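Please open the model in your viewer and keep the selection panel at hand. The tour below goes from stop to stop, saying at each one what to select and what is found there.

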Amino acid sequence: MNVLTRNLAQNLFKYNGAGLIQAAARSFSTPALDGKEIEKLVNNSKVVIFMKGNPDAPRCGFSNAVVQILRMHSVKYDSHDVLQNEALRQGIKDFSNWPTIPQVFINGEFVGGCDILLQMHQNGELIDELKKAGIESALAKEGEK
């Protein structure tokens, strides 16, 4: 066993009194951001999305779908790339009590993920929700013509 392998084994495993090897309980995860920090991000803009990637380069299909829906409505929004910050990724899940990304907030309220936003877009509820936040959807303007 070389020195690197032995050091790794010593850090990950320990011998118990009976001569058996037990895995050492070690956590390499980053602690989540606290609720106050997340709340500041959520309330910084009327529409906020937590996504994988950024609007110009989404890194998953669900995040891309949310971006496309908001684009169709010509909505300006803040976005946060959870892949750049593991504490943010876990913090937003804890804050919303929702396990998946992307997450959409309108007027500081959690709306849902891709599936819910898509459903709201399809049935017209998104136009109403945006209107409550003082945002006029481009699709509502088209419907008036």
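## A salt bridge in helix α6

Begin by selecting K132 and E129, whose side chains meet in a salt bridge with an N to O distance of 3.7 Å. Bear in mind from the outset that this is a predicted model, and that a search of the whole structure finds one salt bridge. Both K132 and E129 belong to helix α6, which covers residues 125-132, and they are three residues apart, or about one turn of the helix. If you colour by accessibility, K132 comes out as exposed, with a relative accessible area of 66%, whereas E129 is partly exposed at 26%.

## The whole chain

Now zoom out and show the protein chain as a cartoon, in which the secondary structure comes to seven helices and eight strands. Of its 145 residues, 32% count as buried. Among the contacts in the chain with a separation of 6 or more, 56% are between residues 24 or more positions apart.

## Helix α5 and H121

Select H121 next, which lies in helix α5, residues 114-123. Leaving aside neighbours within four places in sequence, H121 is in contact with I69, M72, H73, L126 and L139. Add L70 to the selection and compare the two separations: H121 and L70 are 51 residues apart in sequence, while their C-alpha atoms are 9.2 Å apart in space.

## Where helix α2 meets helix α4

Hide the side chains and show helix α2 (residues 35-42) together with helix α4 (residues 86-96). At what angle do these two helices pack? The angle is about 85°, and the axes of α2 and α4 are 10 Å apart. Since angles from 65 to 115 degrees count as roughly perpendicular, α2 is therefore roughly perpendicular to α4.

Bring the side chains back for this contact, in which G35, I38, E39, L41 and V42 of α2 meet L88, G91, I92 and F95 of α4. Sorted by character, the residues of the contact of α2 with α4 divide into six nonpolar, two polar and one charged.

## The loop after helix α4

Follow the chain out of α4 and select N97, whose place is in the loop between α4 and β7. Most residues other than glycine have a negative phi, and most peptide bonds are trans. N97 has a positive phi of about 60° although it is not a glycine, and with a relative accessible area of 68% this residue is exposed.

Stay in the loop between α4 and β7 and move on to P102, which also lies there. Which form does the peptide bond from I101 to P102 take, cis or trans? The bond is cis, with omega near 10°.

## The aromatic cluster

Select F50, F95, W98, F105 and F110 as rings, since these residues form one aromatic cluster. The count of aromatic pairs comes to four. One of the pairs to pick out is F50 with F105, which is edge-to-face, with 5.7 Å centre to centre and 80° between the planes. F50 lies in strand β3 (residues 47-51) and F105 in strand β7 (residues 103-106), so the pair ties together parts that are 55 residues apart in sequence. With a relative accessible area of 0%, F50 is buried, and F105 likewise counts as buried at 1% relative accessibility.

Turn next to F110, which is placed in strand β8. Is F110 buried or partly exposed? F110 is partly exposed, with a relative accessible area of 27%. Not counting residues up to four places away in sequence, F110 touches S96, W98, Q103, V104 and F105. If V47 is added to the selection, the C-alpha atoms of F110 and V47 are found 9.9 Å apart in space, although the two residues are 63 residues apart in sequence.

## Between β7 and β8

For the final stop, select N107 in the loop between β7 and β8, the latter strand covering 109-112. N107 has a positive phi of about 55° although it is not a glycine. At 44% relative accessibility, N107 counts as partly exposed.

Terms used
Residues are numbered from 1 along each chain as its sequence is written. This is a predicted model: local features need pLDDT of at least 70, side-chain atom pairs count only at pLDDT 80 or more; totals for chains, interfaces and linings use all residues. Side-chain values use heavy atoms; hydrogens and water are left out. Rings of Phe, Tyr and Trp (its six-membered ring) pair if their centres lie within 6.5 Å; planes under 30 degrees apart count as stacked, over 60 as edge-to-face and the rest as tilted. Helices (H or I, at least four residues) and strands (E, at least two) are DSSP runs, numbered from the N terminus. Buried means under 20% relative accessible area, exposed over 50%, partly exposed in between (1.4 Å probe, protein chains only). Axes are lines fitted to C-alpha atoms, for helices over the stretch in contact, and angles run from 0 to 180 degrees between N-to-C directions. Angles under 35 degrees count as roughly parallel, over 145 as roughly antiparallel, 65 to 115 as roughly perpendicular and the rest as oblique. Contact means heavy atoms within 4.5 Å. Ala, Val, Leu, Ile, Met, Phe, Trp, Tyr, Cys and Pro count as nonpolar, Asp, Glu, Lys and Arg as charged, and the others, Gly among them, as polar. A salt bridge is a side-chain nitrogen of Lys or Arg within 4 Å of a carboxyl oxygen of Asp or Glu.
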